[in-house]
Amino acid sequence: MPTPIEISPRDRLFVLTGAGVSAESGLPTFRDNNGLWNGYRVEEVATPEAWTDDAEKVWRFYSMRRRDALSCEPNPAHYALAELERDLGDRLFLCTQNVDPLHERAGSKRLLHMHGELFRSRCEAECGRPDFADEGIYESAADIPRCECGARIRPHIVWFGEIPLEMDRIYTEIDRCTMLAVIGSSGTVYPAAGFVEWARRGGARTLYIGPERPLNASMFSEVVLGKAGEVLPGLFNIAKPA
Ligand code: OAD
């Protein structure tokens, strides 16, 4: 059992999660051996150009991911983070790169999906209609729904080459934190992979949790090696105010 991480009454925690936190729920990560990017090419399913070239293929990819996510349950890592939010309240900010809804289903409420959400869609033309809840499965071009404006409906997902959501709010929360913990992310994709350096510059403690060292491991002051579902429960020791 790893040494507990002490959280003092003055600490504010920023947690960034990646695909690894959903791995024990059965959802594939991107870059592990059986990862999504081993079976699909980013350029064909996760870029604006892919959408322009073949919207049907893009929707088939996200429809497959919707099916997978519908059959998965949160794992102990998700529940541990939801409990941490109950203990810390607004002293915890959870930013996830994941588009699955497992954090919410485990009870997390103060949560930001910086790469969008699998079960939400929006108008490709950004006509002003906001993104909306959508569990639809679209397997052919004929299935792709249309917006009232006539444009096609696309996944509410941040593709490569697009800007992640609510970056101002994310940096504000990083600036306020005294500890930044990254859980289950390979440190491959920016800007998320750079959050740890931003936090270090602000004097925060930095912690990585995962079964292997990430690409940006040198940026972390502490590394806890292990599966999130196994090491997260009971990892944080929250000191009660005097
Ligand atoms: P990756 O697949 O790049 O990395 C997953 C990380 O999870 C690896 O470091 C694994 O070691 C770790 N891991 C695996 N099993 C784990 C477990 N049980 N507990 C904890 N960690 C575990 O996924 P991300 O880093 O999340 O973005 O990828 C970042 C972004 O790249 C994604 O949000 C997505 C992808 O392309 C976009 O598509 C824009």
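## Two cores, two domains

Let's start with the packing: the largest nonpolar core has 26 residues, and those with the most contacts inside it are Trp37, Ala46, Trp51, Trp59, Phe61, Tyr62 and Trp159. Keep in mind as you look around that this is a predicted model.

Which elements feed this core with two or more residues each? They are helices H2 (36-39), H3 (42-45), H4 (48-53) and H5 (55-70), plus strands E5 (116-123) and E7 (153-157). H5 is the top contributor here, giving seven residues. There's also a second, separate core, this one of 25 residues, and among its members are Val21, Leu94, Met179 and Leu207.

Back in the first core, tryptophan 51 is a good residue to click on. Setting aside neighbours within four places in sequence, Trp51 is in contact with Val58, Trp59, Glu124, Ile144, Arg152, Ile153, Arg154, Pro155 and Trp159.

Now for Leu94, the residue just mentioned from the second core. Leu94 is part of strand E3 (residues 92-96), which is mostly covered, with five of its five residues buried. In a regular strand, side chains take turns between the two faces of the sheet. In E3, Leu92, Leu94 and Thr96 point one way, while Phe93 and Cys95 point the other, and all are buried.

E3 has a strand partner in E2 and another in E4, and here is how they line up:

| Strand paired with E3 | Sense | Bridges | Residue opposite Leu94 |
|---|---|---|---|
| E2 (residues 13-17) | parallel | five bridges | Val15 |
| E4 (residues 111-113) | parallel | three bridges | Leu111 |

So much for the strands; next comes the bigger layout. The chain is divided into domain 1 (1-27 + 74-115 + 163-242) and domain 2 (29-71 + 118-157). Their C-alpha centres lie 27 Å apart.

How many residues of each domain are in contact with the other? 13 residues of domain 1 are in contact with eleven residues of domain 2. The size of an interface is often given as the accessible area lost when the parts come together. For domain 1 and domain 2, the buried area is about 890 Å², and carbon and sulfur atoms give 64% of that. On the domain 1 side, Ala19, Leu27 and Val99 lose the most area to domain 2, and together they make up 46% of what that side buries. As for salt bridges between domain 1 and domain 2, the count is zero.

Technical notes:
Residues numbered from 1 in each chain as written. Predicted model: local features only at pLDDT ≥ 70, side-chain atom pairs only at ≥ 80, totals over all residues. Heavy atoms only, no water. Buried < 20%, exposed > 50% of the residue type's maximum accessible area, 1.4 Å probe, protein only. Helix = DSSP H or I, 4+ residues; strand = E, 2+ residues; numbered from the N terminus. Pairing = 2+ DSSP bridges. Core = buried A, V, L, I, M, F, W, Y, C linked by side-chain atoms within 4.5 Å. Contact = heavy atoms within 4.5 Å. Domains from an automatic or database assignment. Buried area = accessible area lost by both parts, 1.4 Å probe. Salt bridge = Lys/Arg side-chain N within 4 Å of Asp/Glu carboxyl O.
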